[in-house]
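Reader: I am new to this structure and would like a close look at one part of it. Please take the backbone in the loops, and then add what helps me place it.

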Amino acid sequence: TSNPKKSYNITLLPGDGIGPEVVSVAKQVLNLTASLEGIEFKYQEMPVGGAALDLTGVPLPEETLSVAKQSDAILLGAIGGYKWDANEKHLKPETGLLQLREGLGVFANLRPATVLPQLIDSSTLKREVAQGVDLMVVRELTGGIYFGKPRGFGKNENGDEIGFNTEVYATYEIDRIARVAFETARKRRGKLCSVDKANVLEASMLWRKRVTMMASEYPDVELTHMYVDNAAMQLIRDPKQFDTIVTNNIFGDILSDEASMLTGSIGMLPSASIGDSGPGLYEPIHGSAPDIAGQDKANPLATVLSVAMLLKYGLQEEAAAKRIENAVLETLDKGFRTGDLFSTGMKLVGCKEMGEQVLRSIDSQR
Ligand code: ATP
Ligand code: MG
């Protein structure tokens with residue numbers, strides 16, 4: 001009797017611009033990995049973003065969301081482009097992404113920033129500082145000042161026009177992001193740095209208290225705290241000191257972009273957005289790159305590495321994830337580079353060719 005294959009349903013949301021090109025490569029990588037790991041993927045490809053606007057008049061059709069919610073994991077390419085930039089606000093492709101995150105209840109955004117030895121010269125840091133950087137920012141995604149009420153415009157007592165926002169965090173929101181962060185740190189090097197502004201902000205004081213309380217459940221994780229202004233500085237001064245960083249929505253927005261630029265290679269960086277239950281959303285951090293769309297120039301590796309995150313964090317298929325990560329490293333070792341990472345002495349390839357080289361490396365690990 002042969003074991004029935006483990007089978008997963010994957011929703012593919014290619015989206016706009018270079019999205020379809022990089023998702024197509026990632027799908028091939030998934031398929032080859034599946035055949036080697038004895039697992040099986042079934043796909044449903046659905047429209048989102050500008051592509052969905054053109055097709056259905058909305059950036060996130062109901063059917064796309066319902067298919068996504070019923071699947072085991074979602075791979076998104078990219079959303080947006082010049083073509084839709086002039087649309088009225090409620091018809092922006094990017095609205096589709098916000099609706100998708102909200103509909104899936106994904107409150108944690110995981111963004112690794114790793115300086116690969118093969119690409120160290122694209123880092124914005126000096127070699128000595130860049131060497132060995134390997135960190136993960138866990139950002140709270142659905143609360144905090146971006147969503148807090150009251151918010152709006154008004155007038156103060158002098159009649160001056162004002163704009164105002166409110167940062168609110170409830171204990172359940174802090175606890176659930178803290179849990180994701182401790183679990184992530186546990187899968188990495190066991191170090192967690194919680195970043196806040198607890199010397200000034202009440203929401204941060206509560207944040208620090210709840211994160212500290214949870215630490216007793218994770219004796220194997222070393223917890224430290226840092227003020228956000230210091231964290232911004234330390235990321236440039238000595239980023240190697242960080243393993244996992246957990247922080248609120250607005251600080252995470254800023255710090256994760258800062259951290260990603262330490263690596264200097266936007267075409268290489270994946271992300272995961274996950275919730276308590278239900279499928280996670282995996283996507284490259286780069287946008288739709290309309291300037292190079294349709295020209296076979298996009299670097300597909302950010303999306304390929306997003307697939308590795310999907311396997312590791314979404315499906316607990318760590319061996320399959322490792323296989324893909326190793327293949328990416330090997331492909332870079334062989335000198336293959338898309339235009340965004342090209343330097344003299346390297347082999348310039350397009351999106352498809354880069355994909356084929358990754359497939360070849362996966363195949364050679366049999
Ligand atoms: P967003 O849609 O998130 O606002 P953006 O418009 O700020 O993103 P991107 O679409 O990511 O930015 O593009 C920024 C620059 O990086 C462009 O010149 C684009 O060509 C380049 N770029 C982005 N992703 C890739 C990639 N995968 N491969 C090669 N170049 C890329
Ligand atoms: Mg853009």
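Author: A residue counts as exposed if 12 or fewer other C-beta atoms lie within 10 Å of its own, as buried if there are 20 or more, and as partly exposed in between. The model is a predicted one. Gln-316 has 9 C-beta neighbours inside 10 Å, and therefore it counts as exposed. This residue sits in the loop between α11 and α12 (318-333). Its phi is near 55°, a positive value in a residue other than glycine. Most residues other than glycine have a negative phi, and most peptide bonds are trans.

Asp-296 also has a positive phi, about 55°, although it is not a glycine. Its loop runs between β12 (280-284) and α11 (301-314). Asp-296 has 15 other C-beta atoms within 10 Å, so it is partly exposed.

Another loop, between β5 and β6 (152-155), holds Pro-150. The peptide bond that joins Lys-149 and Pro-150 is cis, with omega about 5°.

For a contrast with the loops, take a helix. Helix α7 covers residues 171-187, 17 residues in total, and reaches 24 Å from its first C-alpha to its last, close to the 24 Å expected. Its buried residues include Ile-174, Ile-177, Val-180 and Phe-182. The buried residues of α7 pack against several elements, among them β4 (108-114), β5 (134-140) and α8 (202-214).

Last comes the ligand. Ligand 1 is surrounded by 15 residues, and the closest are Gly-267, His-286, Gly-287, Ala-289 and Asn-299. The shell around ligand 1 has 6 nonpolar, 7 polar and 2 charged residues.

Technical notes. Residues are numbered from 1 along each chain as its sequence is written. Chains are lettered from A and ligands numbered from 1 in the order in which they are written. This is a predicted model: local features need pLDDT of at least 70, side-chain atom pairs count only at pLDDT 80 or more; totals for chains, interfaces and linings use all residues. Helices (H or I, at least four residues) and strands (E, at least two) are DSSP runs, numbered from the N terminus. The expected span of a helix is 1.5 Å times one less than its number of residues. Two residues are in contact if their C-beta atoms, placed from the backbone, lie within 7 Å. A residue is near a molecule or strand if its C-beta atom, placed from the backbone, lies within 6 Å of it. Ala, Val, Leu, Ile, Met, Phe, Trp, Tyr, Cys and Pro count as nonpolar, Asp, Glu, Lys and Arg as charged, and the others, Gly among them, as polar.
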